[in-house]
Amino acid sequence: MNAKLGVSATLKYDKKHKFIRNLLFHYERLFMKLSVNIVGAGIAGLATSIRLASRGHHVTVFEKSDRPGGKLDFLQWQGFRWDTGPSLFALPDMVEELYVLAGEEMKTSIRYEKLDVLTRYFYEDGNVLNAFGDPDHFMEEVENVFGEPAHRIQQYFEKNKKIYELTSDVFIFSNFLRMGTFISQKFINALLQIWKLDSMVTMHEANVKRFESKQLIQLFDRYATYNGSDPYRAPGTLNVISHLEHNLGAYFPEKGMYALATGLKELADKMGVIFHFNQPVEKIVMARKVTQGVVVEGGIYPSDVVISDIDLFYLYRDLLEDVSFPVKQFKKERSTSALIFYWAIDKDFPQLDLHNILFSANYREEFRVLSHKREVYEDPTVYLFVSSKKVWNDAPEGQENWYVMVNVPENLGQDWDALIEQTRSNIIKKIDRMLGVKIEPLILKEFVADPRSIEANTFSHRGALYGNSSNSRVAAFSRHPNFIKKYKGLYFVGGSVHPGGGIPLCLASAKIVDQLIK
Ligand code: FAD
């Protein structure tokens, strides 16, 4: 199709016709099946495609890479397989919902189990704590290991549950642009009980008020990192994240995390969604603030609606013309990035579980260094994820596939090669010390991801894992919206827009956009 023709045809516009055009625009959206182009096949792009296709719209997805998933990705080497991005799977109901909409059964494509142990925590003082998925079992374990009375934990879980109930519909599942959100009963309820939301204290301050055990406080503070934030700065309301795991459970797909991408792609195929891989969108065509389609390989694919699932920075910089660049969005602090070593390990470690944390002895100092954005702390908290504990063919027998991650700042041009070398050595010393095994001779193969490669491979601005950080009290209100009223037919989903990064929130953005289009 000729790009020039497509654009100029839509430029025939004068004020006289504005009213009729608007009327037609809304009529189309109410009664007609729309043609929809989605830019990016990340988890939010996939979910959006399924939702819209299940309503009968004609959906096409353009993806720059050769496969679906975006940050949800994998790599393989000689009998080893690693999920390279997300490893934590919460709120599976949000994925189930897509299958229900499509009239399919999720278990025929993605099977998953509820984890008995959410995470195994290793402390420098020698303590090891199993965070059991069953709350009673967890409380018993904490009482035994740290001496923290069970009733305090019980009250904490109840409080976080309450905060979730008060806030989730307002802050996660609604579109903030809508006046309706602010006059809804749920918003008013949340407002009336704002003192219960811990929004005026930090996560750490809220946890210190509740518990005596420093180790338990550190455990709950760690939930800030689930969206790349800092527990010493992020509002206490975010302690709600621990509710997702401790009250609602943590899960793991039978075939590993990438199964979420393949499963949803298959479901989208069944719904008639058309995919174009290795086909980056070059421009989103707008005429008089109304979307016309997308430009791919120089030609226009026209559509009534365009939905972007790509990082906002690249969207505004490369794909949108005549749409003002939201400078303020990019002045905000970004979430953390990661330094990840994917190691093929020539031994199995019965002392490890699926998710393991080797805590720093000084968490506050770790985050202080992180907030300065230049260095990586010398004793970082190490996250060790071993999917072969659950997916037996992710590593050969007697060996393990380690994903060894530390939180690092976004990419600001630091000397990453030097930081990688130094941090690798610190991590190895820490693992040797805490697991009591010399690890270096057991590493058969190594792949490394750092903020530069995360940015280059996942197209995430400065390598941030979760878009903008949630370190400020107003972060939840100031994310980029899913829709801008003056630009008709253009919508935004994914980790860099409202309600934020992480699989559940990306799925929520897809739901919001589906509702907006409906
Ligand atoms: P993305 O995954 O960002 O995908 C966007 C897609 O758009 C990509 O496929 C890209 O190739 C494509 N694209 C870009 N430009 C174009 C273009 N011009 N044309 C066409 N296509 C284009 N979340 C969790 O819930 N749990 C975790 O444990 C977790 N851990 C993480 C660990 C790491 C290392 C990383 C990187 C992220 C992690 N996250 C985690 C965050 C989570 O992965 C993301 O929030 C989520 O996957 C983002 O999905 P998305 O839909 O926004 O799109």
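Which residue's side chain meets that of Glu254 in a salt bridge? The partner is Arg111, with N and O 3.8 Å apart. The legends below start from this pair and then move through other views of the structure, which is a predicted model.

**View 1. Glu254 and Arg111 meet in a salt bridge.**
Glu254 sits in the loop between β8 (251-253) and α12 (258-270), and Arg111 in the loop between α4 (93-102) and β5 (112-114), so this pair ties together parts that lie 143 residues apart in sequence. What about their surroundings? Glu254 has a relative accessibility of 47% and so counts as partly exposed. Arg111, at 46%, counts as partly exposed too.

**View 2. Within helix α12, Lys265 and Asp269 form a salt bridge.**
Here the closest N and O atoms are 2.8 Å apart. Both residues belong to α12 and are 4 residues apart, which is about one turn of the helix. Take a moment to look at how each partner is covered: Lys265 counts as buried, because its relative accessibility of 18% is under 20%. Asp269, in turn, counts as partly exposed at 36%.

**View 3. Arg317 and Asp318 join their side chains in a salt bridge.**
The N to O distance in this pair is 2.7 Å. Asp318 has a relative accessibility of 29%, so this residue counts as partly exposed.

**View 4. Seven named residues share a network of salt bridges: Asp230, Arg233, Glu333, Arg334, Lys373, Glu410 and Arg462.**
To follow the network, you may like to pick out the acidic side chains Asp230, Glu333 and Glu410, and then the basic ones, Arg233, Arg334, Lys373 and Arg462. For the wider setting, the structure as a whole holds 35 salt bridges.

**View 5. The ligand is surrounded by 32 residues.**
Among these residues, the closest are Glu63, Lys71, Asp309, Gly495 and Ile503. Which classes make up the shell? There are 17 nonpolar, 11 polar and 4 charged residues around the ligand. Two helices, α3 (43-54) and α18 (503-517), each supply at least two residues of this shell. The largest share comes from α18, with 3 residues.

**View 6. Polar atoms of Lys64, Lys71 and Gly495 lie close to N or O atoms of the ligand.**
At Lys64, a polar backbone atom is 3.1 Å from a nitrogen atom of the ligand. At Lys71, an N or O atom in the side chain is 2.6 Å from a ligand oxygen. At Gly495, the backbone takes part again: one of its polar atoms is 2.7 Å from an oxygen atom of the ligand. On its own, the ligand has 1000 Å² of accessible area, and the protein covers 95% of that area.

**View 7. Thr167 is found in helix α6 (residues 150-172).**
Is Thr167 buried or exposed? With a relative accessibility of 7%, Thr167 counts as buried. Its side chain reaches the backbone oxygen of Ile163 at a distance of 2.7 Å. If you set aside the neighbours within four places in sequence, Thr167 is in contact with Ile172, Leu197 and Thr237.

How values were computed. Residues are numbered from 1 along each chain as its sequence is written. This is a predicted model: local features need pLDDT of at least 70, side-chain atom pairs count only at pLDDT 80 or more; totals for chains, interfaces and linings use all residues. Side-chain values use heavy atoms; hydrogens and water are left out. A residue is near a molecule or strand if one of its heavy atoms lies within 4 Å of it. A polar contact is a pair of N or O atoms within 3.5 Å; within protein, one must be able to donate a hydrogen and the other to accept it, and residues adjacent in sequence count only if both atoms are side-chain atoms. Accessible areas come from the Shrake-Rupley method with a 1.4 Å probe; for residues, only the protein chains shown count as cover. Ala, Val, Leu, Ile, Met, Phe, Trp, Tyr, Cys and Pro count as nonpolar, Asp, Glu, Lys and Arg as charged, and the others, Gly among them, as polar. A salt bridge is a side-chain nitrogen of Lys or Arg within 4 Å of a carboxyl oxygen of Asp or Glu. Buried means under 20% relative accessible area, exposed over 50%, partly exposed in between (1.4 Å probe, protein chains only). Contact means heavy atoms within 4.5 Å.
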